[in-house]
Amino acid sequence: MTFSRLTIALDIMGGDNGPHVTLPAAIKALHEIPHLYFILCGDEQIISKVISTQNSSIQERVEIQHCSEQVAMDERPSSALRNKKDSSMRRALERVECGDADACVSAGNTGALLAIAYHVLKTLPGIDRPALVSALPTDDHHKLFLLDLGANVNCDSETLFQYAVMGSVLAQEVAGVENPRVALLNVGEEQIKGNDQVKFTAQLLQQAEGINYTGFVEGNDIFTNCADVVVADGFVGNIALKACEGLATLVLEEAKRVSNENWVTKLLAKIALPLLRKIYRRVNPDQYNGASLIGLRGIVVKSHGNASSDAFLFAIKEAEQEVQRQVPKKIKDKIESVLMERS
């Protein structure tokens, strides 16, 4: 489905840097995507000051919703849910719920976003809990979808099964994988390895029609194109993701340090610079910014709190792509089909 007009509600105040990052990203997105419109939720004075500098064709594609509150990055989710009813985060989600917006993007407090989105949008039929999922690069330029990244640290086998179904749909619709390979993250590839929760999930997936389950994978196989979707509970998934991000940062910093050790390494670094830039463009974490909160009756994309303007732009584009592919509807149809086959 192609939309002639697509509207995204943005939490302008969310994130470590708020409007300093979100507004430039929004303006750039409007220039790059002609059919895109925004509902900008936040401090009207701050937003208007920036938007008023744009030409009329840009201003016409923006609606500003003033919000008197914002959710702090260290605020308890329960407090944000109960007490911040006029926050930019909540108002953005409410615009999705009432149909004014096709998706919401926020770089704000992850726990609060999960709590408010779950309360406002509710889950799809057949889905018990939403999951955070993001795409990671593999060694042959394909995307791998890893979930859950921390939405639910404790999951039973049925919830993990639902994650596998949702991840399969996302890989098919967003990455264009015809028959996504789904694997479970485990401490070994052998069927005897793992806890009861993972073993029982494997049994459910083996019996499921329409899910291309390929077995267990270990953490060191995540980037080897062994699967298109890797499923874990939020505790394991979040640790795996953060460990990967930390290692990438370490390698980059170590490369910078070594290249400046002496004149020989400086010379070698200059010679290798074009190759290093090519590698960095491929694994640049900015282009993988934007974790989707799937399983809800609406599209919600969570940007890193410390994302740059370019990274937040990628999160906006992720939301736009999910709207175009109608991901929630596809998940709803798939889960209904799988549950019907199991009954």
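Which residues of α1 meet which residues of α2? The legends below begin with that contact. All views come from a predicted model.

**View 1. Helices α1 and α2 meet through nonpolar residues.**
On the α1 side, the residues are P19, L23 and I27. On the α2 side, they are I46, I47, V50 and I51. Helix α1 covers residues 19-32, and helix α2 covers residues 44-51. Their axes come within 11 Å. They cross at roughly 40°, which makes α1 oblique to α2. The crossing of α1 past α2 is right-handed. By class, this contact has 7 nonpolar residues, no polar residues and no charged residues.

**View 2. Helices α5 and α6 pack roughly parallel.**
Two packed helices are described by the angle between their axes and the distance between the axes. For α5 (residues 88-97) and α6, the angle is about 30° and the axes are 10 Å apart. That angle makes α5 roughly parallel to α6. Helix α5 passes α6 in a right-handed crossing. From α5, the contact takes in M89, R90, L93, E94, V96 and E97. From α6 come A112, L113, I116, A117, H119, V120 and L121. Sorted by class, the contact of α5 with α6 holds 9 nonpolar, 1 polar and 3 charged residues.

**View 3. A positive phi appears at K122.**
Where does K122 lie? K122 is in the loop between α6 (110-121) and β5 (131-137). Phi of K122 is near 65°. That is a positive value in a residue other than glycine.

**View 4. A cis peptide bond joins L147 and D148.**
The omega angle of this bond is about 5°. L147 is part of the bond, and strand β6 spans 143-147. D148 lies in the loop between β6 and α7.

**View 5. Helices α7 and α12 cross obliquely.**
Helix α7 runs over residues 157-174, and helix α12 over residues 327-342. At what angle do their axes cross? The angle is roughly 130°, and the axes come within 9 Å. The crossing angle makes α7 oblique to α12. Helix α7 passes α12 in a right-handed crossing. In α7, the contact residues are E158, F161, Q162, V165, M166, V169, L170, E173 and V174. They meet V327, K330, I331, K334, I335, V338, L339 and R342 in α12. By class, the contact of α7 with α12 has 11 nonpolar, 1 polar and 5 charged residues.

**View 6. Charged side chains sit over aromatic rings.**
R5 lies over the face of Y37. The distance from the ring centre is 3.8 Å. Which residue has its charged end over the ring of F314? That residue is K317, at 5.9 Å from the ring centre. How many aromatic pairs does a search of the whole structure find? The search finds 0.

Conventions: Residues are numbered from 1 along each chain as its sequence is written. This is a predicted model: local features need pLDDT of at least 70, side-chain atom pairs count only at pLDDT 80 or more; totals for chains, interfaces and linings use all residues. Side-chain values use heavy atoms; hydrogens and water are left out. Rings of Phe, Tyr and Trp (its six-membered ring) pair if their centres lie within 6.5 Å; planes under 30 degrees apart count as stacked, over 60 as edge-to-face and the rest as tilted. A charge sits over a ring if NZ of Lys or CZ of Arg is within 6 Å of the ring centre and within 35 degrees of the ring normal. Axes are lines fitted to C-alpha atoms, for helices over the stretch in contact, and angles run from 0 to 180 degrees between N-to-C directions. Helices (H or I, at least four residues) and strands (E, at least two) are DSSP runs, numbered from the N terminus. Angles under 35 degrees count as roughly parallel, over 145 as roughly antiparallel, 65 to 115 as roughly perpendicular and the rest as oblique. A crossing is left-handed if the near helix is turned anticlockwise from the far one by less than a right angle, and right-handed if clockwise. Contact means heavy atoms within 4.5 Å. Ala, Val, Leu, Ile, Met, Phe, Trp, Tyr, Cys and Pro count as nonpolar, Asp, Glu, Lys and Arg as charged, and the others, Gly among them, as polar.
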